[in-house]
There are 2 protein chains.
Amino acid sequence: MQELAIDEVVAAACGRARATLPFLARRSRAEKDAALGAIADAIVLEAGAILEANRADHDAARANGTSAAMLDRLRLDDARLQAMARAVREVVALDDPVGRVVETTLRPNGLRVTRTRVPLGLLAMIYESRPNVTAEVAALTLKAGDAVVLRGGSEALRSNVAIRAAVAHGLSRVGFPEDAVTLLASTDRESIRALVQTRTVDLAVPRGGEGLIRFVTEHARVPVVQHYKGVCHLFVDRGADVTMATRLAVNGKLSRPGVCNALECLLVDASDAARLLPPIARALHEGGAELRGDEASRSLVPGIAAASDDDYGREFLSNVLAIRVVDGLDGALAHIARYGSEHTEAICTSNPAHARRFEREVDAACVVVNASTRFHDGGELGLGAEIGIATSRLHWRGPMGLEALTTMKWVVEGTGQVRD
Amino acid sequence: MQELAIDEVVAAACGRARATLPFLARRSRAEKDAALGAIADAIVLEAGAILEANRADHDAARANGTSAAMLDRLRLDDARLQAMARAVREVVALDDPVGRVVETTLRPNGLRVTRTRVPLGLLAMIYESRPNVTAEVAALTLKAGDAVVLRGGSEALRSNVAIRAAVAHGLSRVGFPEDAVTLLASTDRESIRALVQTRTVDLAVPRGGEGLIRFVTEHARVPVVQHYKGVCHLFVDRGADVTMATRLAVNGKLSRPGVCNALECLLVDASDAARLLPPIARALHEGGAELRGDEASRSLVPGIAAASDDDYGREFLSNVLAIRVVDGLDGALAHIARYGSEHTEAICTSNPAHARRFEREVDAACVVVNASTRFHDGGELGLGAEIGIATSRLHWRGPMGLEALTTMKWVVEGTGQVRD
C-alpha cells in the first residue's frame, strides 16, 4: 500500500467533516443539546479509558523531560474529568446562536430584510497540551452548528484520541455523524501546515505558545483568528484611589500569573507616583511579585530591581512585573501604543474624562476601567464558554464564544417586488 | 539611485497609510463628514483635470483594443463625475459606525460590559477598470475611520491618480493626512502580490473578475474578504403565482444582466412545469433573453436551446439564462447546493413551509423569497453604499457597508472589582 501524502490525508479528513455541515445546520437547539448531553455522559462513562490514556501520555512526557508546568497542564484526574463533562453541559445552557436575528428592517417597498446568524462552517483547531480543549471545543462548535477538525499536541495524543472516542460515541448515540468532530492522528508540524492550507477550512484557530501561532500565521492559506500573547498594562492615574489601585495590581499580577489576561506592566503617573507607587509596590512584593522598574520607580521604591529594555512589552507569564513611571495619561497611552499587544489594557482613575479618553484611544480587544485585567474572559464578560481570546481584528475580537463561531445570512421576503 | 524592490515600496506606502490610523480613530462624525464634503467639492472643482486624465486612459485603452464593455466602464463624463461626487456626499448622510454600541450588559458583580464598534484599520482595495471606485471606497473607509491603500487597474491609472489627487486636496483642506487614502502607482500583478503580503494590512478586498480574485486569494498573507462570482438561481415552486414568477425571472435576468446579482439559472418544479414554464419562457424570450434548457424544459417549450453541462453553475453576465426542470423543492435545493455560488438564491412560492425551508436550507449570503435576486445590494437592503458583496464566510457576508469596515472593542467599567 502506498503511503498517502499528509496533504491528502488532511484534505480527506476535512472533506468528511465538511460533509456533516448540512446535517448540523438543520438541527434544532434541542437536538444539539441532546448531543452535548450524550457527549458529557460518554466522557464520564469512559473515564477509565481516558485516564489510562492520559497516564500513558503523562509517563511518556515525564520520561522526555517535560517541564512541571506542562506536565500539570497535560494531566487529567477524576476531578478534571468531571470538570470536562461539566464544561460540556454548561454549553447546553447557552442560547443557540443559530437563527438568532441580528436585525430586521422593513424597506419602503415592503421588503422585509432580516439578518440572521448561521453556522460558520468547518473549523480547524490547533492546540497544545491541555486535553480538555478537545471536549470543550467539540461542544462549542457543535452547538454553533459547525464541524471541527482538531489537531492537538503530540504529548496529549493518546488522551485526545480517547476523549474524541467518547465524543464520537455520544454523537453516534443520538444519530449525529461522528465526523462532525474529527481528530488528526498525525501530530508533526507538517500536519498543521497541511491543515491550514486545506481550502475547505473556513477558519483556523491556533491556541498555544507564540511559536505555534506564528507557524500557523506563516503557513495559513485559510483565514486565521489569532490569539497572540497578552502584554497587559494597568495605568494608575494621578489622584487614583490607592487602595483600589493596589487591589487591581495585586489581582492582575498574582491571581493567576500564567494566563494571557494577567498583568505584565504597571504604569504610574509621575506627578502622583510618590503617593501611589510605594504602597502598591509593597503589596505586590508581599504577595510574592518580583518587581522590575525604571529609574524613577526605583528612586521611589528602593526594593525594585532594574528593568532591562526588553522587560517592557514582555509577557512574563510568571510573578515578574515591569513598572514604569510615565508622564501622565499621554505618557501611558504612548507606552501602551508602543508596547501593548492589543489584548487587555486597564486604567485606575477617579477622573471620568481620563477614563473616556483611555477607553477611546487605547486600541485593544478589551479596555478596562477601574477593574482587574483578569476580567477579560468569556465567562466573566457574560458569553459563557469561549474557544479563546482573539486579538486579531477581522471577524471577531475578544472572547470567542458561540456567536463568534457563526456567520450571517440575509433573508429578503417580498410579495413579488422587482427592482426598477 | 538604486531602485527599491516593489515589496519595500508597497510596505512603505502601507506604513504611511497606517500611521494615520490613530488620527482617524479619534475624529468625530462631524469632522469626518466635513472631510467627505471637502473631497466631493474637490472632485467637482478638479473635474477638468480628472476628465482629461480619463480621456488619456480611454484613448490608450481603445488603442490597445479594449472591449466596448470595458471601455464603457472606464469612461467618465460630466454626469458620471457628478454622480461620483454625489456618491461621496451620500456617505455623509450615513450614520457613523464608530462608537456604535452593539451590546451593553451589567454583570452580577456590577461591571458594565459594552461592546462597541471601532475602525477596522488598514484596508487594501484591489480593483479593476471603474475609476469611480477610487472615490467611493475612499469615502466609505474614511467614514469608518479606516485608512486605505488603493491598487486600481493599469487601464485607469491616470484617472485614478487624478481622482486620488482631488481626494488628497479635500483631506488636506480640512487638516486630514493625505496618506489616509494612498494609491499605488505600480499596476502590475507584482504590486498586488506585494500588497496582499504586507502584514500591516488588516483586510484585503479584491473587486473584479474571477482571475483577479483568484490571484489575490492565492497569494494573500493577510485576511481577504472575497467577492466571487454570483451564480444566482430562481426556483419556481409548484402552485406559484405565474405572473409573479414571470416578473421575478424577467427582472432577475434582464434588468441588468452584467452584474453579480443577476439571474443565471431558472429552476421549475416538474409537477407544475407545464403550467409555469411556457408563459415565463415566452416573456423572457420576448424581453431578449437567450434560453438554454434541459430536455424536460425543451419538451415543454420548443424554442429553448439545449443546455450543455457547463451551462449550469455558469455566470453568463449576459442575456443567456439556463433553465432546468427539477424534482420539487428537494431537487431545487440539491441543484443549488451543487451549482450555486453562495451569493443570492431566490424562490417564488405560495407555500409558506417551502419558503421557510428554502430560507433555512440554502447556504448563501442572501436568500430571497418572492422578490428579485437584484435586491441583493447594499442600497436596496438599507445599508447605503457598499464596497462590494462578500460571499466568503469570515467577518462579513453580503453587502459590505460601513459596519463591515469596523471591528469591535470590549469596554469594561468597574468600581474596583477584582476576580476571585
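In this predicted model, helix α9 of chain A spans residues 189-196, and its buried residues are A:S191, A:I192, A:A194, A:L195 and A:V196. The cover over these buried residues includes two helices of chain A, α1 (6-18) and α10 (210-219), together with the strands β3 (122-127), β4 (147-151) and β6 (203-207) of chain A.

The domain assignment splits chain A into domain 1, made of 6-225 + 400-412, and domain 2, made of 232-375. Between the C-alpha centres of domain 1 and domain 2 of chain A the separation is 36 Å.

**A sheet with strands from both chains**

An open sheet of ten strands with mixed pairing has the order β10(A)-β9(A)-β11(A)-β8(A)-β7(A)-β12(A)-β13(A)-β16(B)-β2(B)-β1(B). The edge strands are β10 (305-306) of chain A and β1 (101-106) of chain B; each has a single partner strand, so one side of each has no neighbour in the sheet.

Within this sheet, β7 (residues 232-236) and β8 (residues 263-269) of chain A are parallel and share five bridges. A:V236 has A:V268 in β8(A) as its bridge partner. Helix α12 (residues 273-287) of chain A packs on the sheet, where α12 touches β7, β8, β9 (290-293) and β11 (320-326) of chain A, and the direction of α12 is at about 155° to that of β8(A). Another helix of chain A, α15 (residues 352-361), lies across β12 (344-348) and β13 (366-371) of chain A and also across β16 of chain B; α15 runs at about 160° to β13(A).

**Strand pairs**

The table lists strand pairs with their sense, their bridges and one pair of opposite residues.

| Strands | Sense | Bridges | Opposite residues |
|---|---|---|---|
| β7(A) and β8(A) | parallel | five bridges | A:V236 and A:V268 |
| β1(A) and β2(A) | antiparallel | five bridges | A:L106 and A:R112 |
| β2(A) and β16(A) | antiparallel | eight bridges | A:T114 and A:V411 |
| β16(A) and β13(B) | parallel | five bridges | A:E413 and B:V369 |

Strands β1 (residues 101-106) and β2 (residues 112-119) of chain A form a hairpin with five residues between the strands, and in this hairpin A:G110 has a positive phi near 95°. Strand β2(A) also pairs with β16(A), and β16 (residues 406-417) of chain A is in turn joined to β13(B).

**The contact between the chains**

In the contact between the two chains, 49 residues of chain B meet 49 residues of chain A. On the side of chain B that touches chain A, two or more residues come from each of α11 (242-254), α15 (352-361), β13 (366-371) and β16 (406-417) of chain B. The largest contribution is that of β16(B), with eleven residues. By class, this side of chain B consists of 21 nonpolar, 14 polar and 14 charged residues.

**A helix pair in chain B**

Helices α6 (residues 78-92) and α7 (residues 132-143) of chain B have axes that come within 9 Å and cross at roughly 10°. With angles under 35 degrees counted as roughly parallel, α6(B) and α7(B) are therefore roughly parallel to each other. From α6(B) the contact takes B:R80, B:M84, B:A87, B:V88 and B:V91, and from α7(B) it takes B:N132, B:A135, B:E136, B:A139, B:L140 and B:K143. The classes in this contact of α6(B) with α7(B) are seven nonpolar, one polar and three charged residues.

Note on methods:
Residues numbered from 1 in each chain as written. Chains lettered and ligands numbered in written order. Predicted model: local features only at pLDDT ≥ 70, side-chain atom pairs only at ≥ 80, totals over all residues. Contact = placed C-beta atoms within 7 Å. Helix = DSSP H or I, 4+ residues; strand = E, 2+ residues; numbered from the N terminus. Nonpolar A, V, L, I, M, F, W, Y, C, P; charged D, E, K, R; others polar. Pairing = 2+ DSSP bridges. Domains from an automatic or database assignment. Axes fitted to C-alpha atoms, helices over the stretch in contact; angles between N-to-C directions. Parallel < 35°, antiparallel > 145°, perpendicular 65-115°, else oblique. Buried ≥ 20, exposed ≤ 12 C-beta atoms within 10 Å, placed from the backbone.
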